[in-house]
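Hi,

Here is the structure I promised to pass on. Have a look at it first, and then read my notes below.

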Amino acid sequence: MLALPPAPTEAAWMVPPQPYRAKDFSIIKRDGWFHCFYIQADDAAPFDSTERALGHAMSKDFYFWTNLPPVLAARPGEWDDAKIWAPHVLELDGVYYMFYTGVTNDPGTYAFHQRIGLATSTDLMTWNRLDEPVLSCAQIPWTFCDVTQPTGGEFRDPFVMPDPDGPGWLMYYTTRPSNAAHLFEVGVAKSSGDLTKWTDLKPMVITRSDWSGTTAVESPLMFQHAGLWYLMFSGNGDQPLRLTTGPSPTGAPETWTNRGTLGAILGLDTHFWFASEHFFDGTHEYLAFVNYDRMDTREIVWTPGWQFVLEQPALFHVQRLVWGAPRASEGEPVDLRIDAVNTLTQSIAIEAVEVDASGNEQPIPLAEIGLPATIQLTGLVTHYTWLAHGWPDPEEADPNAEIVVRLTDHTAASAPIVVGPDPSVSLPDIGGGDRLHPRMSVDFSRSRTDFRSLVQSPLGGTAMLIDLPEAMPVRVDLFDLTGRRIRNLADRTLPAGATVIAWDGRETSGQPARPGIYFARLTTPRRQQTLRLVVGR
């Protein structure tokens, strides 16, 4: 018998465990789970004992959240020893990068000194921090940065996004300008690609009180719709969230239009809303925000022009699609497992694509491979049996097809299944048994060392990921084709989890390495592993 779904709640809320309330946060999706990282604020604690960790919760559907242990805490004796604030998470090449505000309680300073740090992870559970901050007010010439003075070191709330005008990144943050230190202002910094190196771009003067109507400006958020950029931030007053729009995320002040408070735009009382976050799940677009003491999620529905309304997210949600085997022969039955929540009377609409070696997709007519356009769900777990059917590409010599099945709204997709023309054809060895695709697994434990180069090098130069099951001594050496060791990159104990090691392309002498092929060798007490690296011109 199918269980009836729970009655809809009034809102999709993530409520932290007592005694905490949520403050600035970030949401990211991995393997069908939404992860929320947020400031754990305890208002009853003394000022120096609250906001000392980032909480972590996960959900399949926005409505029912499981709170997990905190992921980052203040570190005694380090630059982030007092407080941990304002996480923002992005993913590159299977590695997650968390920007956050670390607060230092320095003897001799008037106020808590705030700077922006960076941590890395591959599973969203274990995070390793870089030793030093990646950006501070000392690097921004127009800020009030005398930490011996009241409010002289306020520099927080990072939001990082790709630069739409070229390679690299943009970081928005909150600080105080030196020519109006009683006010807050959003600033923007630029990186050419190395997430540890940032340069000042400019202040966003449209967030000053004479433009925005608020003297307090915090938690900047930038997103785009239909060619228009939206800058949202928290201010003071009865309706904290405010919005401006413009044609470029770094455009001149005269190109921006102040739209006022979100409450006025929506026609709602948003008195308790602040610290917003925008994100996509497939074709669905969401705005989340802190609602007094909890995180609240709403789906964005766009109306003609620049405006939008907010609706409750759908209760029904497909978490994952998993093939029973990673490969099949023509005519062989293979199981497609569909995991979903709140499934009563629901069906899903699917589509199929073939993926080539470069990751390019080609749509496949479902009728040509014997798949229906919709599948009726039978419960929280539905098994659909497909008689495997290949899809020949006349431009490809390989007779095997890599087929991905996904929902038409792109909220869930299977790993590729390789289909060969008949049982006598040798299919490529991509792993056996009924294992889940590595990126679809919900087992967050790690049991082996992962050592690989990163396609995108977010820490500059050539970057390598070292993902350890536990803390252990590690040595990383570089060799040329003759076997000559040209440099040592690491010789120390690394913590469990993800550490990114960057090579700037230079030998021990400091001279640039010649273009060509090099090898990186990782040595741990358990094993040795080697990577092939290419240095271009």
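To start with one residue: is Asp163 buried or exposed? Asp163 counts as buried, because its relative accessibility is 12%; the word buried stands for under 20% relative accessible area, exposed for over 50%, and partly exposed for what lies in between (1.4 Å probe, protein chains only).

Before you go further, please note that this is a predicted model, in which local features need pLDDT of at least 70 and side-chain atom pairs count only at pLDDT 80 or more, while totals for chains, interfaces and linings use all residues. Residues are numbered from 1 along each chain as its sequence is written, and side-chain values use heavy atoms, with hydrogens and water left out.

Salt bridges

Asp163 has a partner: its side chain and that of Lys190 meet in a salt bridge at 2.4 Å, N to O. The two come from distant parts of the chain, 27 residues apart: Lys190 is in strand E12 (residues 185-191), and Asp163 is in the loop between strand E10 (155-162) and strand E11 (169-175). Strands here are DSSP runs of E with at least two residues, helices are runs of H or I with at least four, and both are numbered from the N terminus. Lys190 is partly exposed, as its relative accessible area is 26%.

For a salt bridge, the rule asks for a side-chain nitrogen of Lys or Arg within 4 Å of a carboxyl oxygen of Asp or Glu. By that rule there are 27 salt bridges.

Another of them pairs Arg208 with Glu185, again at 2.4 Å from N to O. Arg208 sits in the loop between strand E13 (199-204) and helix H1 (209-212) and Glu185 belongs to strand E12, so this pair ties together parts that are 23 residues apart in sequence. Glu185 is buried, with a relative accessibility of 0%, and Arg208 also counts as buried, at 18%.

Then there is Glu154, whose side chain meets that of Arg156 in a salt bridge (2.8 Å, N to O). Glu154 is buried, with a relative accessible area of 12%, and Arg156 is buried as well, at 8%. This pair is part of a salt-bridge network that links Glu154, Arg156, Arg176 and Glu218.

Cysteines

You will find 1 disulfide in the structure, where a disulfide is a pair of cysteine sulfur atoms within 2.5 Å. Cys137 and Cys145 form it, with their sulfur atoms 2.0 Å apart. The link is right-handed, with 65 degrees about the S-S bond. How accessible are its two ends? Cys137 is buried, at 2% relative accessibility, whereas Cys145 is partly exposed, at 27%. Cys36 is buried too, with a relative accessibility of 0%.

A sheet

Further along the chain, 3 strands make an open antiparallel sheet in the order E31-E32-E35; two strands pair if DSSP finds at least two bridges between them. Strand E31 (450-453) and strand E35 (497-503) are the edge strands, each pairing on one side only. On average, neighbouring strands of this sheet are turned by 15 degrees against each other, direction ignored. Those angles use axes that are lines fitted to C-alpha atoms (for helices over the stretch in contact) and run from 0 to 180 degrees between N-to-C directions. E31 and strand E32 (residues 462-468) run antiparallel and are joined by 4 bridges. In this pairing, Asp450 stands opposite Asp467 in E32.

Cheers
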